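Trainee: Got a minute to go through a model with me? I'd like to ask about it piece by piece.

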Amino acid sequence: MALIDSMKKLHADNFAFYLKAHNYHWNIEGPDFKQYHSFLEEIYTLAWEDADAIAEQIRALDAYAPGSLARFKELTTIQESEVIPGPLEMLQIIYNDLQLVLSSIMAAYNDANAENAIGLSNFLQDKYDARKKLSWMLRATLARK
């Protein structure tokens, strides 16, 4: 079923996004450390809180939610990196990865609409809106004067 597959991909993308944002939160350095450290905490907290909700939506579709790092890695489009970049590069990477999460939400949303899964469509709309706001905040932070 396309809807289950797109929800599993969303779950994996969201979890990979969470993990990268949390990693950057732990390892950020520089003169604006406190500001970026706090901002990254907001970002990873949003993704972390949604991980459980997305998994529960998958279970509501009578499927098992992926839960291993190997399975997440298999499903996600978000790339790992061992390199710890500078603060602005971290935020740019997070912004770029957020666009992938938004694409995953939209794919799942389209599949939910095709299946007339109204409640799931509404759930995905809320997730999309929250991430569009986050996308704007990242763009504003990265803007050059």
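Mentor: Sure, we can take the helices, then a few residues, then the pocket.

Trainee: What kind of model is this, and how are residues numbered?

Mentor: Residues are numbered from 1 along each chain as its sequence is written, and side-chain values use heavy atoms, with hydrogens and water left out. This is a predicted model, where local features need pLDDT of at least 70, side-chain atom pairs count only at pLDDT 80 or more, and totals for chains, interfaces and linings use all residues.

Trainee: Okay, α2 then. How many residues does α2 have, and how far does α2 reach?

Mentor: Helix α2 covers residues 33-60, which is 28 residues, and reaches 41 Å from its first C-alpha to its last, close to the 40 Å expected at 1.5 Å a residue. Helices here are DSSP runs of H or I with at least four residues, numbered from the N terminus. The expected span is 1.5 Å times one less than the number of residues.

Trainee: Where is the kink in α2 centred?

Mentor: On A51, with a kink of about 25 degrees. The bend at a residue is the angle between axes fitted to the seven residues ending there and the seven starting there.

Trainee: And which helices do the buried residues of α2 pack against?

Mentor: They pack against α1 (2-27), α4 (87-114) and α5 (118-142). A51 is one of those buried residues, and Y36, F39 and D50 are also among them. Buried means under 20% relative accessible area, exposed over 50%, and partly exposed in between, with a 1.4 Å probe and protein chains only.

Trainee: What follows α2?

Mentor: D62, with a positive phi near 65 degrees. Just after α4, N116 takes a positive phi of about 55 degrees.

Trainee: Since you bring up α4, why does its span agree with what's expected?

Mentor: Because its 28 residues should span 40 Å at 1.5 Å a residue, and its end C-alpha atoms are 41 Å apart. The buried residues of α4 pack against α1, α2 and α5, and D97 is one of the buried ones.

Trainee: Switching to single residues: is M7 buried or exposed?

Mentor: M7 counts as buried because its relative accessibility is 0%. M7 sits in helix α1. Leaving aside neighbours within four places in sequence, M7 is in contact (heavy atoms within 4.5 Å) with I54, Q57, I58, L61, A108, L120 and L124.

Trainee: And S68, where is that found?

Mentor: In the loop between α2 and α3 (69-75). S68 counts as partly exposed because its relative accessibility is 35%. A polar atom of the S68 side chain lies 3.0 Å from the backbone nitrogen of R71.

Trainee: Last topic: how much space lies in the largest pocket?

Mentor: About 400 Å³. Of the 16 residues that line the largest pocket, A16, L19, K20, E80 and S81 are the closest to its centre. The largest share of the lining, 7 residues, comes from α1.

Trainee: How do you define a pocket and its volume?

Mentor: On a 1 Å grid over the protein atoms alone, a pocket is an open set of points where a 1.4 Å probe fits, with protein on both sides within 12 Å along at least five of seven lines, and lining residues have an atom within 4 Å of a point. Points are joined across faces, edges and corners, and the volume is the space filled by probe spheres set on the points.

Trainee: What joins the side chains of K20 and D97?

Mentor: A polar contact of 2.7 Å. That term means a pair of N or O atoms within 3.5 Å, where within protein one must be able to donate a hydrogen and the other to accept it, and residues adjacent in sequence count only if both atoms are side-chain atoms. K20 lies in helix α1 and counts as buried because its relative accessibility is 11%.

Key. Helices (H or I, at least four residues) and strands (E, at least two) are DSSP runs, numbered from the N terminus.
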